[in-house]
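Subject: Structure for you to look at

Hello,

Here is the structure I promised to pass on. Please open it beside this message and follow along as you read.

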Amino acid sequence: MQRKKCLPILAVLMLMAALLSSCRKLPQAVSSGQLGFSVDTLLFDTVFTDRGTSTRSVKIINKESQRIHISNLRLFRGEHSPYFLNVNGKSGKVLNDIYVEANDSIWVFASVFIDPGNQDEPFVVEDRLVAQVGTDEYNLPILAYGQDAIYITDSVLSSQTWTKDKPYVIIHNALVDEGELLSIEAGTRVYMHGDSRLYVLGSLQINGTKEDSVVFQGDRIDRRIYFDESGEDFANGARGEWGGLYFAQTSYNNRINYAYFKNGGASTYLGSSPVLDATIQVDPDTLLNGQPKLTITNSVIRNSAGYGIFAYNGSIKAENCLIFASAKENVALVLGGNYEFIGCTLANFTSRLSTPTQQFYGVVALNFYATGNNQYLAAPLTANFSNCIIYGNMANEFFANKVDDVSASVTLNHCLLKQNEALPAWVSANSNLFNENPLFVNTESNYLNIAADDYHLDEGSPARGRGVFLPGMLSNDIEGTPRGNPPSIGCYE
């Protein structure tokens, strides 16, 4: 009987303890402080190959020693957003009064529904998560793919052909294996994630046409969000939205025709090793069979965050190409190699990176590569530029230098150059135009107006009809217009 009487008393004590615990005063929350996110982009990726619904999660991290009050957590696009939020069992597109304890975090779950078969849906469906703390806003890009696509994630590729039937999305790199061939047909669209490159150990054949180019571009929108307060996308995008193409030493027989490389040149990593910030990098030609390691024709490299083309003792033939708006050199040829550029426009009317010890030009040609003070590697260099425009907003857009340990031959033939300093005596120069404005249609390079970069030649351009006919040169310009005799200088006739 005594034991039975103890049970109600024990229950009452437990109830009182619970009530006291629930009434415990929480620390006062502040409406200021630093928040962080556990990822830089909330990415919905491969789920859209077969279904349109998915959920992802992200942590919001309180970096302060005080409890923080998030007055509202919302989707930037509001009711028009295809995304939904859930925090602590509350769901919606706007969630109010969220608290994060000191030096703690909370989970935010985001879901989305997109019909991957809806071809009218933009390929990249974007929004952002906005956390309001006092007057401060913390933004996290949200990204999903609105159409069915083929996803290449950290993949080693054997011989195959990519077609324009579906877009391709490369996430965390792809590699064409040694001895294998990747063919890309006209009209194919390749979207590259921000940390991604296409490495070529075997061969790459890009077979675009004048009517249907192959396009490489980024899939990320976070840089655009932070540059554009209106939330609208840039017409041109932003530099460095993806890495680039990397042709390794074992690579050979690479051909690119009618390709458009847009907003590449991000510095990425392969494992723990950084990879150079170049939209196209060509490593040494180890085959040495007399054929260029890379032949690129009728193609555009636009708005690179670093170099347009960087070649390290490689071999390249480029014809009818437009390379412009690179943050570093449009073309950098170092440690020797064999190169031929015919009828190319290499233009830079945009801000470029600079340091106290390094200046960037339009084109650089060197037979060495500096490894330290008075230390270098060197290899023979042959570089010929014919009918090329090398122009921009710097006083000098061309730079050639050599060491005497090995041979160096650079030729400028019927080119138009921005060059106020005398060329080195060892550079051969034949019938070039110096410091004559090429009269491009528009060179006001900027992100907001896609028409601001137009490198066609005005009627009065001194480059018109001032080139030289070369045996074996392409009979049409980059747009398919027949070349005159003599042809115009640059990629446009």
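Start with β2 and strand β10, residues 136-145. The two pair in the parallel sense, over 3 bridges. One point of reference helps here: F44 stands opposite A144 in β10. Please keep in mind that this is a predicted model.

β2 and β10 belong to an open sheet of 5 strands. The order is β2-β10-β9-β4-β7, and the pairing is mixed. At the edges are β2 (42-44) and β7 (94-100), each of which pairs on one side only. From one strand to the next, the twist averages 20°. As background, strands of a sheet pair through backbone hydrogen bonds, either parallel or antiparallel.

Stay with β10 for a moment. A salt bridge joins the side chains of E137 and R74, at 2.8 Å from N to O. This pair links distant parts of the chain: E137 is in strand β10, R74 is in strand β4 (residues 68-75), and their positions lie 63 residues apart in the count. Is E137 buried, partly exposed or exposed? E137 counts as partly exposed, because its relative accessibility is 42% and that class runs from 20% to 50%.

Now the other salt bridges. The structure holds 8 of them. In general, side chains of opposite charge can pair when their charged atoms come close. Here are two more to find.

- K210 pairs with E211, and their closest N and O atoms are 3.3 Å apart. K210 is partly exposed, at 42% relative accessible area. E211 is exposed, at 61%.
- R483 pairs with E493, with the closest N and O atoms 3.2 Å apart. Both residues sit in the segment after β44 (453-457), 10 residues apart. R483 and E493 are both buried.

Next, go to the parallel strands further along. Strand β31 (residues 337-342) is joined to strand β36 (residues 381-386) by 6 bridges, and the two run parallel. G337 has L381 in β36 as its bridge partner. β36 also runs parallel to strand β39 (residues 408-413), again with 6 bridges. There, S386 is partnered by N413 in β39.

What follows β36? The loop between β36 and β37 (389-392) holds N387. N387 is buried, because its relative accessible area is 1% and the limit for buried is under 20%. Which residues does N387 touch, leaving aside its neighbours within four places in sequence? They are G343, C344, N413, H414, C415, G467, V468, M473, P487, I489 and G490. Find N413 in that list: N413 is also the bridge partner of S386.

Then look at the rings. A search of the whole structure finds 17 aromatic pairs. A pair of aromatic rings is described by the distance of the centres and the angle of the planes. Two examples follow.

- Y307 and F310 are tilted, with 5.0 Å from centre to centre and 55° between the planes. Y307 and F310 are both buried.
- F368 and Y376 are edge-to-face, with 6.3 Å from centre to centre and 70° between the planes. F368 is buried, at 15% relative accessible area. Y376 counts as partly exposed, at 34%.

Why do F368 and Y376 fall into separate classes? Buried means under 20%, so F368 at 15% is buried, while Y376 at 34% is partly exposed.

There is an aromatic cluster too. Its members are F324, F349, Y391, F440 and Y455.

Charged side chains also meet rings. K93 lies over the face of F84, at 4.6 Å from the ring centre. R128 lies over the face of F76, at 4.0 Å from the ring centre.

Last, the whole chain. How many helices and strands does the chain have? There are 2 helices and 44 strands. Of the 493 residues, 53% count as buried. Take contacts between residues at least 6 apart in sequence: 63% of these join residues at least 24 apart.

Write back with any questions.

Best wishes

Conventions:
Residues numbered from 1 in each chain as written. Predicted model: local features only at pLDDT ≥ 70, side-chain atom pairs only at ≥ 80, totals over all residues. Heavy atoms only, no water. Pairing = 2+ DSSP bridges. Helix = DSSP H or I, 4+ residues; strand = E, 2+ residues; numbered from the N terminus. Axes fitted to C-alpha atoms, helices over the stretch in contact; angles between N-to-C directions. Phe/Tyr/Trp six-rings, centres within 6.5 Å; stacked < 30°, edge-to-face > 60°. Buried < 20%, exposed > 50% of the residue type's maximum accessible area, 1.4 Å probe, protein only. Lys NZ or Arg CZ within 6 Å of the ring centre and 35° of its normal. Contact = heavy atoms within 4.5 Å. Salt bridge = Lys/Arg side-chain N within 4 Å of Asp/Glu carboxyl O.
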